[in-house]
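What follows is a walk through one structure, from its ligand outward to the chain as a whole. Please keep the model in view while reading.

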Amino acid sequence: MKYALVTGGSRGIGRAVSLKLAAMGYTVVINYAGNDAAAAETQNLIREAGYPEAELLKFDVSSAEACTEAIEKWQAAHTDGYIEVLVNNAGIRRDNLMLWMEQEDWLKVLNTNLGSFYNVTRPIVKPMLLKKYGRIINMASLSGQKGLPGQTNYSAAKGGLIAATKALAQEVAKKRVTVNAVAPGFVKTDMVEGLDEKALSAQIPAGRFGTPEEVAAVVAFLASPEAAYVNGEVIAVNGALYT
Ligand code: NAP
C-alpha cells in the first residue's frame with residue numbers, strides 16, 4: 001500500500017489533488033477541518049472511480065498537538081506503511097487592509113497556512129528519511145510570491161511557506177526526499193467566492209480563473225517518481241498573471 005496525505009482534501013484544490021493521487025494508485029488520507037459531508041463526497045468520488053479506498057482523517061492543521069496525535073495514531077494503525085506523499089494544502093484567508101487587521105486574523109492565517117507546515121511535516125518527514133523516499137508538496141500562492149494588498153497575513157504565510165520549502169529541500173535531498181511548492185493564481189473554489197471573477201479575469205492574460213484540476217496536474221507531476229530531480233522549486237499555475 002502506498003499512502004498519500006492531503007491536508008484540506010475535502011474541497012476545492014485538495015479534492016482534485018486527492019482524486020489525482022488516487023488515480024496514481026495511492027491510498028489517499030483525506031484530512032479536513034470540519035466539513036464531514038464534503039470529505040465523504042471526496043471519498044465517494046474516489047470510490048466511484050474505482051481507485052484505492054481513501055481514508056478520512058479529521059484534525060486541525062493549525063494545532064501542533066492535534067496533528068501529532070492524529071498522525072501518531074494513524075501510523076500506529078498502519079505499521080505496514082508510511083506517508084510517501086504529503087500535500088500541505090489546507091488553507092484559509094482572512095483578508096483586510098493592515099490598518100484594520102485584527103491580531104486574531106493575523107495569527108489565524110499564519111497558524112493555518114504556515115504553522116501547519118511545521119505541525120504536519122515534522123511527524124511525517126522522519127519515516128520518509130528512514131525509507132529514503134518521499135514527496136512533500138506545499139500549496140503556496142501568487143500572494144506569497146508577489147504580495148497582494150489586503151492580504152499581508154496571507155502573503156506573509158505563503159511567502160514563509162515558499163522559504164521553508166527551499167530550506168527543507170536542502171536538508172532532505174540526500175535522502176531522496178523532494179520538497180516543492182505550487183503557487184496558484186485565482187482558482188475556482190469556495191475560497192474565491194465573493195470575488196469579482198469577471199473584473200479579475202480581465203487582468204489575467206489567460207482571461208479566466210484556473211480550475212482545481214489544473215493545479216492538481218502539477219501536484220501529480222511533483223509527486224511522481226519522474227520528478228526526482230525537481231527539488232526546492234516553486235511552480236506557478238496562474239495563467240501568466242505574474243511571471
Ligand atoms: P477551499 O476550497 O476553501 O478549501 C479549504 C480546505 O482546507 C478545506 O478542505 C478545509 O476543510 C481545509 N481546512 C481549512 N482550515 C483547516 C484546518 N485548520 N485544518 C484542516 N483543514 C483545514 O480552498 P482552496 O481554494 O481549495 O485552497 C486550497 C489551498 O490552495 C489553500 O492553501 C489556499 O491558500 C491555496 N490557494 C488557493 C487559491 C484559490 O484561488 N483558490 C489560490 C492560491 C492558493 P473543511 O472542508 O473541513 O472546511
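A polar backbone atom of G34 lies 2.8 Å from an oxygen atom of the ligand. This distance, like every other value here, comes from a predicted model. The backbone of I13 has a polar atom that is likewise placed 2.8 Å from a ligand oxygen atom. With D60 the side chain takes part: one of its polar atoms is 2.8 Å from a nitrogen atom of the ligand. On its own the ligand would expose 900 Å², and the protein buries 93% of that area. In total, 32 residues surround the ligand. The closest of them are S10, G34, N89, Y154 and T189, so G34 appears both in this list and among the residues with a polar backbone atom 2.8 Å from a ligand oxygen.

The chain around this ligand can be described next. How many helices and strands does the chain have? Its secondary structure comes to 8 helices and 7 strands. The radius of gyration is 17 Å, and the globule rule gives 18 Å for 243 residues; because these two values are close, the chain is as compact as a globular protein of that length. Along the principal axes, the C-alpha atoms fill a box of roughly 50 × 35 × 35 Å. Of the 243 residues in the chain, 49% are buried.

Aromatic rings come next. A pair of such rings is described by the distance of the centres and the angle of the planes. The structure holds 2 aromatic pairs. One of them consists of Y3 and W74, with 5.0 Å from centre to centre and 85° between the planes, which makes the pair edge-to-face. Y3 belongs to strand β1, residues 3-6, while W74 belongs to helix α3, residues 64-77. The two residues are 71 apart in the chain, and the pair thus links distant parts of it. Are Y3 and W74 buried or exposed? Both Y3 and W74 are buried.

Another aromatic pair is made by F186 and F209. Their ring centres are 5.3 Å apart and their planes meet at 15°; since planes under 30 degrees apart count as stacked, this pair is stacked. F186 sits in the loop between β6 (177-184) and α7 (197-201), and F209 in the loop between α7 and α8 (212-223), so the pair ties together parts that are 23 residues apart in sequence. F209 has a relative accessible area of 5% and is therefore buried.

A ring also meets a charge in this model: the charged end of K2 sits over the ring of Y26, at 4.3 Å from the ring centre.

A side-chain contact is found at N88, a residue of strand β4 (residues 83-88). The side chain of N88 makes a polar contact of 3.1 Å with the side chain of T121. Because its relative accessible area is 6%, N88 is buried.

Two loop residues remain. K132, in the loop between α4 (103-131) and β5 (134-139), has a positive phi of about 55° although it is not a glycine. R176 is not a glycine either, yet its phi is positive at about 65°; R176 lies in the loop between α6 (152-172) and β6. Which of the exposure classes applies to K132? With a relative accessibility of 43%, K132 counts as partly exposed. R176 has a relative accessibility of 52% and so counts as exposed.

Notes: Residues are numbered from 1 along each chain as its sequence is written. This is a predicted model: local features need pLDDT of at least 70, side-chain atom pairs count only at pLDDT 80 or more; totals for chains, interfaces and linings use all residues. Side-chain values use heavy atoms; hydrogens and water are left out. Rings of Phe, Tyr and Trp (its six-membered ring) pair if their centres lie within 6.5 Å; planes under 30 degrees apart count as stacked, over 60 as edge-to-face and the rest as tilted. Helices (H or I, at least four residues) and strands (E, at least two) are DSSP runs, numbered from the N terminus. Buried means under 20% relative accessible area, exposed over 50%, partly exposed in between (1.4 Å probe, protein chains only). A charge sits over a ring if NZ of Lys or CZ of Arg is within 6 Å of the ring centre and within 35 degrees of the ring normal. A residue is near a molecule or strand if one of its heavy atoms lies within 4 Å of it. A polar contact is a pair of N or O atoms within 3.5 Å; within protein, one must be able to donate a hydrogen and the other to accept it, and residues adjacent in sequence count only if both atoms are side-chain atoms. Accessible areas come from the Shrake-Rupley method with a 1.4 Å probe; for residues, only the protein chains shown count as cover. The radius of gyration is taken over C-alpha atoms; the globule rule is 2.2 Å times the number of residues to the power 0.38.
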